[in-house]
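New to this one? Take a moment with the sequence and the fold, and then we'll walk through a few spots together.

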Amino acid sequence: MTLLSKEECVSQVLKAIRSVVRTPTATLHEPTFGGNEWRYLQDCLDSTFVSSGGTYVERYESELAAYTGSPYVVAVSSGTAALQVALRSAGVESDDEVLIPALTFVATANAVTYLGAIPHFVDCDARTLGLDPTALRIHLENIADLQGGKCVNRTTGRVIRTVIPVHVFGHPMEIDDLSEVANTFGINIIEDAAESLGSTFKGNHTGTFGLAGVLSFNGNKIITTGGGGAILTNDPELASRASHLSTTAKIAHDWEYVHDEIGYNYRLPNLNAALGCAQLEKLPDLLERKRRLFDLYSEAFAMIEGVDLVTEPPGCASNYWLQTLCLDESIREYRDAILHHCHSAGFELRPVWTPLHWLKPYWTCPKANLPVSESLYRALINLPSSAHLA
Ligand SMILES: *Cc1c(COP(=O)(O)O)cnc(C)c1O
């Protein structure tokens with residue numbers, strides 16, 4: 001294999017991007033409107049129910065339930081709030097440890113921390129980019145004991161209550177293998193499917209495998225409510241607890257204010273849900289465009305030595321939320337030059353998140369060996385991925 005020089009590599013990458021993305025100022029990801037957004041928003045304003053009352057929230061929840069196949073859906077104000085409420089509803093308490101991959105958006109770790117629990121970082125799989133179940137098993141065998149059905153970290157003495165797998169950039173992680181490991185160690189699963197609405201693992205929607213899953217409808221996700229999130233679960237008790245916690249833990253009553261624990265003001269406003277209903281109608285079309293964009297990039301990058309596009313894992317359908325280049329070890333040192341040149345040319349490329357164990361607030365958290373996460377950090381580059389590009 002002939003090694004490309006830095007200059008050749010950078011210019012070939014830029015040329016490939018230009019052949020797909022005609023807009024010279026392409027941002028990483030923009031929302032796509034053009035369906036019933038104006039109509040539903042107008043209707044919402046006319047009804048005066050722009051906040052906690054109104055019909056769109058329940059409608060959005062039931063449409064999400066139908067789409068994902070999740071029996072219960074609780075819509076909340078963000079994906080981060082969804083994670084926090086799902087974790088608390090699943091019994092995560094302060095001083096528990098929660099296993100999360102080192103490569104994820106910081107919100108996954110923040111939600112754990114908001115509950116006084118402690119993120120415990122584990123490594124990723126180079127193929128799926130998600131948590132690696134085999135590495136997790138080996139790590140737990142080394143550091144944990146089962147005590148009365150609970151998984152206890154031998155070093156810290158804390159209970160390892162939960163694991164949060166993340167479907168990175170929309171690509172489903174190996175959830176079957178993870179479920180086996182989690183079962184063996186008495187750990188429950190809360191799936192962070194914030195990026196993977198529309199993605200399936202062996203035919204089932206991501207976010208429906210664990211005790212609960214969460215979605216995000218932030219402005220940069222595949223569909224948006226402006227800001228918003230949802231908790232998916234097939235457990236009616238968890239659903240009602242999540243709904244209760246996200247609406248200030250108020251006991252239903254026609255006029256009295258009685259709250260039986262400290263809840264949150266995390267309910268999704270009706271105005272945002274109205275936008276969500278319109279966006280969800282467009283999701284099949286957006287998924288098709290995302291896949292077409294992947295095909296266009298695949299073709300454009302096919303001939304560049306050492307540069308691959310991240311593809312959906314076998315048996316899975318990815319929503320291809322963010323298109324991602326993976327640089328071969330031999331050219332990883334070119335990453336910053338590629339980022340720099342493409343930005344100068346008006347294309348917004350991004351490296352993957354800084355591994356969370358390198359962030360100051362998380363320096364002291366427990367962690368496994370993280371060679372794959374650290375190596376992927378130098379290898380991955382997100383490309384402009386808006387649906388309108390295809
Ligand atoms: C976006 C995102 C979140 C948080 O969602 P918000 O709606 O922005 O709060 C959590 N985890 C991952 C992996 C995300 O990409």
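What follows is a short tour of domains, strands, a helix, two buried residues and some salt bridges.

Keep in mind that this is a predicted model.

**Two domains**

Start with the broad layout. The domain assignment splits the protein chain into domain 1 (6–32 + 282–353 + 382–389) and domain 2 (37–280). Their C-alpha centres are 28 Å apart. Where they meet, 26 residues of domain 1 are in contact with 30 residues of domain 2. Together the two domains bury about 2,400 Å² between them, and 62% of that is on carbon and sulfur atoms. Three residues stand out here: Leu283, Trp321 and Trp353 supply 32% of the area that domain 1 buries against domain 2, more than any other three residues. As for salt bridges across this interface, the rule finds 0.

**Strand 7 and its neighbours**

Now look at strand 7. All 5 of its 5 residues (188–192) are buried, so the strand is largely enclosed by the rest of the structure. Both faces are covered, with Asn188, Ile190 and Asp192 on one side and Ile189 and Glu191 on the other.

Which strands pair with strand 7? One is strand 6 (residues 160–163), which runs parallel to strand 7 and is joined to it by 2 bridges. Here valine 163 has isoleucine 189 as its bridge partner. Another is strand 10 (residues 212–216), also paired in the parallel sense, over 3 bridges. In that pairing, glutamate 191 stands opposite glycine 213. Strand 6, helix 7 (residues 175–185) and strand 7 also make up a right-handed β-α-β unit.

**Two buried residues**

Leucine 215 sits in strand 10. Its relative accessibility is 0%, so it counts as buried. Beyond its sequence neighbours within four places, leucine 215 is in contact with residues including Leu64, Ala82, Leu197 and Leu232.

Serine 196 is in the loop between strand 7 and strand 8 (200–201). Is serine 196 buried or exposed? With a relative accessible area of 0%, it is buried. Setting aside residues up to four places away in sequence, serine 196 touches His167, Gly170, His205, Thr206 and Asn319.

**Helix 10**

Over in helix 10 (residues 335–344), the buried residues include Arg335, Ile338 and Cys342. Among the parts covering the helix's buried residues are helix 1 (6–20), strand 14 (324–327) and helix 11 (371–379). After helix 10 comes glycine 346, with a positive phi near 95°.

**Salt bridges**

Side chains of opposite charge can pair when their charged atoms come close. By the rule used here, the count comes to 15 salt bridges. Here are three of them.

| Pair | N to O distance |
|---|---|
| Glutamate 281 and arginine 59 | 3.8 Å |
| Arginine 154 and aspartate 145 | 3.0 Å |
| Arginine 335 and aspartate 336 | 3.0 Å |

In the pair of glutamate 281 and arginine 59, glutamate 281 lies in helix 9 (residues 270–301) and arginine 59 in helix 3 (residues 56–68), so the pair ties together parts that are 222 residues apart in sequence. Arg59 and Glu281 are also linked with Glu63 in a network of salt bridges.

How enclosed are these side chains? Glutamate 281 is partly exposed at 39% relative accessibility, and arginine 59 is partly exposed at 29%. Arginine 154 is partly exposed at 45%, as is aspartate 145 at 28%. In the last pair, arginine 335 is buried at 10%, whereas aspartate 336 is partly exposed at 48%.

Conventions
Residues are numbered from 1 along each chain as its sequence is written. This is a predicted model: local features need pLDDT of at least 70, side-chain atom pairs count only at pLDDT 80 or more; totals for chains, interfaces and linings use all residues. Side-chain values use heavy atoms; hydrogens and water are left out. Buried means under 20% relative accessible area, exposed over 50%, partly exposed in between (1.4 Å probe, protein chains only). Helices (H or I, at least four residues) and strands (E, at least two) are DSSP runs, numbered from the N terminus. Two strands pair if DSSP finds at least two bridges between them. A crossover is right-handed if, with the strands pointing away from the viewer, the path from the first strand over the helix to the second runs clockwise. Contact means heavy atoms within 4.5 Å. Domain bounds come from an automatic or database domain assignment. Buried area is the accessible area (1.4 Å probe) that two parts lose on being put together, summed over both. A salt bridge is a side-chain nitrogen of Lys or Arg within 4 Å of a carboxyl oxygen of Asp or Glu.
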